[in-house]
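Visitor: Could you walk me through how to read this model? I would like the general idea before each case.

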Amino acid sequence: MNKFIASALIAAATFAAAPSFAGDNISGEVGYVPQVSSAKSSLTREAVRAEYLQAERNGTLPEVGEGADIGAVATAKSNLTRDAVRAEAVYAVRHGQQLGGEV
């Protein structure tokens with residue numbers, strides 16, 4: 001019985017001390033609000049928007065969000081039309097070069 005009480009006290013002490021390990025790190029806890037930077041920018045809203053639109057036109061915006069990890073697939077460009085790709089897929093399935101499926 002004494003071992004059970006000792007184990008319960010150790011477990012209770014561990015759970016009580018757990019929040020103190022979080023420190024200033026982002027812990028994912030509900031209600032966490034990160035510090036807001038007070039740095040002032042030298043650019044105007046219009047200048048930032050113009051830079052963004054220029055990067056968008058040049059294709060130099062970084063890939064972010066879902067699907068950003070697909071790498072070369074996202075940047076691969078094709079000169080084939082949709083019909084040409086479909087015709088190639090149908091040919092490949094009919095000639096055993098690709099597993100069958102809906103084409």
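Guide: Gladly. Helices (H or I, at least four residues) and strands (E, at least two) are DSSP runs, numbered from the N terminus. Just after helix α2, Gly-59 takes a positive phi of about 75 degrees. Just after α4, Gly-96 also has a positive phi, about 70 degrees. This is a predicted model: local features need pLDDT of at least 70, side-chain atom pairs count only at pLDDT 80 or more, and totals for chains, interfaces and linings use all residues. Residues are numbered from 1 along each chain as its sequence is written, and side-chain values use heavy atoms, leaving out hydrogens and water.

Visitor: How many helices and strands does the secondary structure come to?

Guide: Four helices and zero strands, in the pattern α-α-α-α along the sequence.

Visitor: Which element has the lowest mean pLDDT, and which the highest?

Guide: pLDDT is the predictor's confidence in each residue, from 0 to 100. Helix α3 (residues 72-75) has the lowest mean, 57, and α2 the highest, 92. For the chain, the mean is 75, with 62% of residues at 70 or more. Where pLDDT is low, the predicted coordinates should not be read in detail.

Visitor: What span is expected for the residues of α4?

Guide: The expected span of a helix is 1.5 Å times one less than its number of residues. The 13 residues of α4 should therefore span 18 Å, and its end C-alpha atoms are indeed 18 Å apart. Helix α2 (residues 45-58) has 14 residues and reaches 20 Å, close to the 20 Å expected.

Visitor: Is Gln-98 buried or exposed, or in between?

Guide: Buried means under 20% relative accessible area, exposed over 50%, and partly exposed in between (1.4 Å probe, protein chains only). Gln-98 has 43%, so this residue is partly exposed. Gln-98 sits in the segment after α4 (82-94). With contact meaning heavy atoms within 4.5 Å, Gln-98 touches Ala-89, Ala-92 and Val-93, leaving aside neighbours within four places in sequence.

Visitor: What about Ile-5, and what share of the chain is buried?

Guide: Ile-5, in helix α1 (residues 2-17), counts as partly exposed because its relative accessibility is 42%. Buried residues make up 2% of the 103 in the chain.
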